[in-house]
Amino acid sequence: MNRNWRGTLIRHLALLVGACLLVGLISGHYGACLAIGLGLYLAWTLKQLLRLHDWLRERKPDEPPPDGHGLWGDVFDSIYHLQRRDQRVRGRMQAVIDRIQESTAALKDAVIMLDTDGNLEWWNRAAETLMGLKSPQDGGQPVTNLVRHPRFKEYFEQEHFLEPLEIPSPTNDRIRLQLHITRYGNNEHLMLVRDVTRIHQLEQMRKDFIANVSHELRTPLTVIAGYLETLLDNVEDVNPRWVRALTQMSQQGNRMQSLLNDLLLLAKLEATDYPSDNQPVAIDRLLATVVSDAQALSAAGNHEIALEAAPGVRLKGSESELRSAFSNLIFNAVKYTQAEGRIRIRWWADTQGAHLSVQDSGPGIEARHLPRLTERFYRVDSSRASTTGGTGLGLAIVKHVLMRHRGRLEISSVPGHGSTFTCHFATAQLASRTYPVTQDGALD
Ligand code: ADP
């Protein structure tokens with residue numbers, strides 16, 4: 001194998017030429033002998049090349065190479081060994097792929113692979129039971145044709161896969177599925193689907209429990225608050241020692257009432273995916289009324305509140321839900337910004353959709369709190385919250401209202417330099433355009 005073929009070849013050629021010249025010397029025809037000798041050598045070489053070609057083309061698996069002499073035999077053997085090695089590697093890789101496919105097939109969770117265009121490429125057995133995919137006829141079909149839930153289509157097209165999506169199973173409404181999508185490779189998608197029916201039921205029980213308790217507490221609390229108010233209205237008949245206690249009881253009663261109202265509102269928002277009301281809402285007018293309420297709330301605080309709202313940019317949705325979300329953000333800016341502070345409210349639309357930003361010159365929020373702010377009852381500083389009278393549910397309500405209106409909340413803040421809360425709404429949520437569009441697509 002490791003023979004020095006260069007030397008051998010030169011020797012063979014020298015021998016051939018020598019023999020031809022010898023025959024030429026005997027016969028007296030040097031030229032003809034040399035031409036015949038070299039021609040024969042060329043014919044033999046071509047014959048070996050043809051044998052190699054035929055073997056490569058018509059080769060059956062494991063068929064050994066044809067016998068060859070000299071360098072050609074070595075070439076045949078080398079190619080044969082390379083191919084055998086290649087086959088072994090391929091066999092090993094196939095075994096690994098088979099094992100991976102077997103283990104994913106045994107998974108209870110569905111695994112679905114999609115190509116760059118979102119067409120189905122491969123899926124395991126659980127995907128057939130959970131998602132109703134049929135093998136092989138669904139292969140190559142767009143996933144949005146097979147999973148027809150409107151929230152899935154929107155989620156897939158928006159490509160914001162940080163949060164999982166929960167939808168009912170296409171095969172059975174009572175099964176609740178959680179979908180995680182990850183992008184990999186050349187923008188292909190890997191979709192993992194889990195059955196979360198049990199967790200969903202527990203979550204539902206928790207929501208129902210809170211809604212029922214809040215509902216049941218409302219009546220007794222209204223009665224207590226009513227009597228306290230009546231007593232305080234006739235404060236001259238009340239023993240002066242009790243006035244302070246009654247005033248505090250009345251304040252705390254009011255706080256509990258707003259807490260119950262917020263809890264009931266959250267329960268209502270969680271009960272459905274979208275608001276039943278889907279009218280175009282004139283946000284500029286809505287903001288003007290919220291701002292005048294905010295000015296009343298500020299009162300002695302004397303905040304400088306500036307509103308810049310693009311007229312004619314209307315949002316489809318529920319006016320009351322949007323009002324409560326926007327007032328939560330604007331009232332928070334008033335509550336948490338020191339007296340004489342500045343608050344700037346902007347409402348505008350561009351090619352990305354519509355946006356509302358509420359910027360304040362308040363104390364700001366440390367970065368570590370930002371991801372948790374929209375959690376229920378999460379407060380940056382509980383001592384400060386008790387003085388502002390907040391329920392701790394305001395931003396949770398904002399988050400839910402935005403989700404129901406195809407929106408998301410972005411919070412940015414620098415401690416000591418104020419905070420900005422921005423609501424982003426998808427273009428699909430804008431009511432039919434009543435405002436001019438410039439040539440480059442930017443909205444006036
Ligand atoms: P709360 O009823 O306590 O205001 P929220 O859910 O509205 O509850 O807000 C959660 C927490 O976020 C608040 O307790 C407060 O610490 C912080 N926060 C909200 N808005 C602002 C703001 N504009 N500036 C500073 N902190 C804020």
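**A starting point.** At 39% relative accessibility, Glu319 counts as partly exposed, a class that lies between buried (under 20% relative accessible area) and exposed (over 50%), using a 1.4 Å probe and protein chains only. This is a predicted model, in which local features need pLDDT of at least 70 and side-chain atom pairs pLDDT 80 or more, while totals for chains, interfaces and linings use all residues. Residues are numbered from 1 along each chain as its sequence is written, and side-chain values use heavy atoms, without hydrogens or water.

**Exercise 1.** Find the salt-bridge partner of Glu319 and place both residues in a helix.

*Solution.* Start with the partner: Arg323 forms a salt bridge with Glu319, and their closest N and O atoms are 3.5 Å apart. That fits the cut-off, a side-chain nitrogen of Lys or Arg within 4 Å of a carboxyl oxygen of Asp or Glu. Next, find the helix: both residues belong to H10 (residues 319–336), and because they are four residues apart there, about one helical turn separates them. Helices here are DSSP runs of H or I with at least four residues, and strands are runs of E with at least two, numbered from the N terminus. Finally, check the surface: Arg323 is partly exposed at 30% relative accessibility.

**Exercise 2.** Take the salt bridge of Arg90 and Asp86, and decide whether each residue is buried, partly exposed or exposed.

*Solution.* First, the pair: the side chains of Arg90 and Asp86 meet at 3.5 Å, N to O. Both sit in helix H3 (residues 70–106), four residues apart, about one turn of the helix. Now the classes: Arg90 is exposed because its relative accessibility is 53%, whereas Asp86, at 42%, is partly exposed.

**Exercise 3.** Work out how many residues separate Glu203 from its salt-bridge partner, Arg206.

*Solution.* Glu203 and Arg206 have their closest N and O atoms 3.5 Å apart. Both lie in helix H7 (residues 197–233), three residues apart, about one turn of the helix. Each is partly exposed, Glu203 at 36% relative accessibility and Arg206 at 32%. This pair belongs to a structure with 14 salt bridges.

**Exercise 4.** Decide whether the protein chain is a compact globule or more spread out.

*Solution.* Begin with the elements: the chain has 12 helices and 12 strands. Its radius of gyration is 39 Å, well over the 22 Å of the globule rule for 444 residues, so the chain is more spread out than a compact globule. The radius is taken over C-alpha atoms, and the rule is 2.2 Å times the number of residues to the power 0.38. The C-alpha trace spans about 150 × 50 × 40 Å along its principal axes. Buried residues make up 35% of the 444.
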